[in-house]
Structure formats: C-alpha cells, structure tokens
Amino acid sequence: AQDRGIAHAVAGHLSEFAWALLTIFFLQVAPGSDAVLPPITSVSEFKAQQAAAKDGLKSIAELFQEFFVFYAKDFDWEKEAVSVRLA
C-alpha cells in the first residue's frame, strides 16, 4: 500500500489502520442493505441472524464500489465520526 501511495501516514495519507477502521465501519453501516458486520457491542446477537441470511451476498467488487460512494457522497465528514464499537 505504501508503494502505491494509498497508505503512507508519513506522506500525509491515511495509515493502514485508518483504512481498516473505515472498511469495518462501512461494513457495519452499509447503506441500503443489511450490515455485513455487527457493531462490536452486539456480536453474539449478529451471529444468530447471519447464520439464517446467506442469500443476497454482495461481491467484493460491489462492496468496493459502494465503499467509495459511501465515503464520497453519503458520509458527512464534518458531522459524523467512525465508531466500530457502536457503528
């Protein structure tokens, strides 16, 4: 990631950890669909729901595209915060 200039905190880019947090948060709150991941506070409840809902899974390509649309258009960088604990 550093070689491609995607994750290099020293150069002013996001760190690998920041990218990981953004990804986890997106998968918790993915707009227009069911969450892929639960908030950390409700993991046990989520496991039971997820076992029953295997249909309609999105491809990695679809999730990748939605990730960038979410942070470019849906996420309000001035008023919102990323919290993987609360989602």
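User: What share of the contacts with a separation of 6 or more in the protein chain comes from residues 24 or more positions apart?

Analyst: Happy to start there. This is a predicted model, in which local features need pLDDT of at least 70, side-chain atom pairs count only at pLDDT 80 or more, and totals for chains, interfaces and linings use all residues. Residues are numbered from 1 along each chain as its sequence is written, and side-chain values use heavy atoms, leaving out hydrogens and water. With contact meaning heavy atoms within 4.5 Å, the share is 53%.

User: Which pattern does the protein chain follow along the sequence?

Analyst: The protein chain has 3 helices and 0 strands, taken as DSSP runs (helices H or I, at least four residues; strands E, at least two) numbered from the N terminus. Read in order, the pattern is α-α-α.

User: How do helix 1 and helix 3 cross, roughly parallel or roughly perpendicular?

Analyst: Their axes, lines fitted to C-alpha atoms over the stretch in contact, with angles from 0 to 180 degrees between N-to-C directions, come within 10 Å and cross at roughly 100 degrees. Angles of 65 to 115 degrees count as roughly perpendicular, so helix 1 is to helix 3 roughly perpendicular.

User: Which helices each supply at least two residues of the largest nonpolar core?

Analyst: A nonpolar core is a set of buried (under 20% relative accessible area, 1.4 Å probe, protein chains only) Ala, Val, Leu, Ile, Met, Phe, Trp, Tyr and Cys residues joined through side-chain atoms within 4.5 Å. The largest one has 11 residues, including Leu 22, Phe 67 and Tyr 71. The helices asked for are helix 1 (16-29) and helix 3 (60-74).

How values were computed. Buried means under 20% relative accessible area, exposed over 50%, partly exposed in between (1.4 Å probe, protein chains only). Angles under 35 degrees count as roughly parallel, over 145 as roughly antiparallel, 65 to 115 as roughly perpendicular and the rest as oblique.
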